[in-house]
Amino acid sequence: MTHPAAPAAPATAGADDGRAALHRLRAEVAKAVVGQDAVVTGLVIALLCRGHVLLEGVPGVAKTLLIRTVATALDLGSKRVQFTPDLMPGDVTGSLIFDPHTAAFTFREGPVFTNLLLADEINRTPPKTQSALLEVMEERQVSVEGARRPLPDPFIVAATQNPIEYEGTYPLPEAQLDRFLLKLTVPLPTRDEELGVLRAHHAGFDPRDLAAAGVRPVATAADLAAARESVGRVYVAEPVLAYIVDLCRATRATPALELGASPRGATALLSTAKAWAWLAGRDHVTPDDVKATARPTLRHRLRLRPEVELEGVGVDAVLDTVLATVPTPR
């Protein structure tokens, strides 16, 4: 399993309006994007936790359409940047432009001034530009000539990587990978889902015209802000906190890994488990919530030993072993 399926909608009639709206989001996105329910849930968790997402999938699995559709359904702004070897930091963050009419420099905002930024093929740009984006992700602001310009709220980066083609790429350093809350794999559709895609295109579906596909806003930034407050009130018992710590410490002691999860990884797992529990309609976190979010939260923070990687063992398989061996609190 690459990442968890979406949690079921809460059964209680008095469910929070914000939660209900975020559950409606999946149905709204499905009008334009087929078979990516789990990835949509991951994006919602990232928005609830104010975290960033690394999307990994081959070209042509609708990653750009997915981000645009989620943004439309949440009534948020979105922009896309195609990362290339010649992309400069100012192309992402913005830069000062000389205005001959006023004889002064004015700041021209870069594409990061949006709510959902799709950083397409982030590993194709040099480290200098990657570091500029890293600062934006961490500080949520752009600093030019000493002036700080805050980014809109919410703001998350959804960065894509091609898992097949590595020629001409710059691997992301561990420090940057650790800044991503989740790593989600965007799978190829099943046969039936791919048939559905073809039927939609045959019937005239245009991925550039989401309004014609019937995609409408079903939640707002205010709903997200209220939802974040609710997620923050989700209770986590001491044994569950200890379980999160034990899982992360176990990755550091696993012989198959040369780099385990950092303390930032543990705090990320706490945040995603709370968001997962809240989406499922609970006011407390269970060990199963931790297990459900462990793979997407930790997989990109771990590094296999070269000899293990040569044997064809994947990070998810190592995580499965850790989850099976660390005692689960009752």
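**Figure 1. Helix H3 is largely enclosed by the rest of the structure, because eight of its eleven residues are buried.** This is a predicted model. H3 spans residues 63-73. Its buried residues are Lys-63, Leu-65, Leu-66, Ile-67, Thr-69, Val-70, Ala-71 and Ala-73. The cover over these buried residues includes helices H1 (17-29) and H2 (37-49). Strands E1 (52-56), E2 (78-82), E5 (116-120) and E8 also contribute to that cover. An α-helix has 3.6 residues a turn, so residues three or four places apart point the same way.

**Figure 2. Two residues with positive phi, Ala-62 and Asp-75, sit in loops beside H3.** Ala-62 belongs to the loop between E1 and H3. Its phi is positive, about 70°, although Ala-62 is not a glycine. Ala-62 counts as partly exposed because its relative accessible area is 30%, which falls between the 20% and 50% cut-offs. Asp-75 comes just after H3, in the loop that leads from H3 to E2. The phi of Asp-75 is near 55°, again a positive value in a residue other than glycine.

**Figure 3. Strands E3 and E4 form a hairpin.** E3 covers residues 94-99, and E4 covers residues 104-109. The two strands run antiparallel and are joined by six bridges. Within this pairing, Leu-96 stands opposite Phe-107 of E4. Four residues lie between the strands. Ala-103, in the turn, has a positive phi of about 55°.

**Figure 4. Leu-96, Phe-98 and Phe-105 make a nonpolar patch on the surface.** Together the three residues have about 310 Å² of accessible area. Phe-98 is a residue of strand E3. Its relative accessibility is 44%, so Phe-98 counts as partly exposed.

**Figure 5. Asn-162 is a buried loop residue.** The loop in question runs between strand E8 (156-161) and helix H6 (174-177). Asn-162 counts as buried because its relative accessible area is 9%, under the 20% cut-off. Leaving aside residues up to four places away in sequence, Asn-162 touches Gly-57, Val-58, Pro-59 and Glu-121. His-101 gives a sense of scale: its C-alpha atom is 45 Å from that of Asn-162. These two residues are 61 places apart along the chain.

**Figure 6. A cis peptide bond joins Asp-153 and Pro-154.** Omega at this bond is about 5°. Pro-154 lies in the loop between strand E7 (147-150) and E8. Asp-153 also takes part in a network of salt bridges, linked with Arg-50 and Arg-228.

**Figure 7. Arg-303 forms salt bridges with Glu-174 and with Glu-258.** Side chains of opposite charge can pair when their charged atoms come close. For Arg-303 and Glu-174, the closest N and O atoms are 2.9 Å apart. That pair links distant parts of the chain, with Arg-303 in strand E11 (residues 303-304) and Glu-174 in helix H6, 129 residues apart. For Glu-258 and Arg-303, the N to O distance is 2.7 Å. Glu-258 is in strand E10 (residues 257-259) and Arg-303 in E11, so this pair ties together parts that are 45 residues apart in sequence. Each of the three residues counts as partly exposed: Arg-303 at 34% relative accessibility, Glu-174 at 35% and Glu-258 at 37%.

**Figure 8. A salt bridge between Arg-295 and Asp-320 ties helix H11 to helix H13.** The side chains meet at 2.6 Å, N to O. Arg-295 lies in H11 (residues 287-298) and Asp-320 in H13 (residues 315-325), so the pair connects parts that are 25 residues apart in sequence. Arg-295 counts as buried because its relative accessibility is 17%. Asp-320, at 34%, counts as partly exposed. Across the model, the salt-bridge count comes to 16.

Terms used
Residues numbered from 1 in each chain as written. Predicted model: local features only at pLDDT ≥ 70, side-chain atom pairs only at ≥ 80, totals over all residues. Heavy atoms only, no water. Buried < 20%, exposed > 50% of the residue type's maximum accessible area, 1.4 Å probe, protein only. Contact = heavy atoms within 4.5 Å. Patch = residues over 30% accessible without salt bridge, like charges linked within 9 Å, V, L, I, M, F, W, Y side chains within 5 Å. Areas by Shrake-Rupley, 256 points an atom, 1.4 Å probe, with all protein chains shown as cover. Salt bridge = Lys/Arg side-chain N within 4 Å of Asp/Glu carboxyl O. Pairing = 2+ DSSP bridges.
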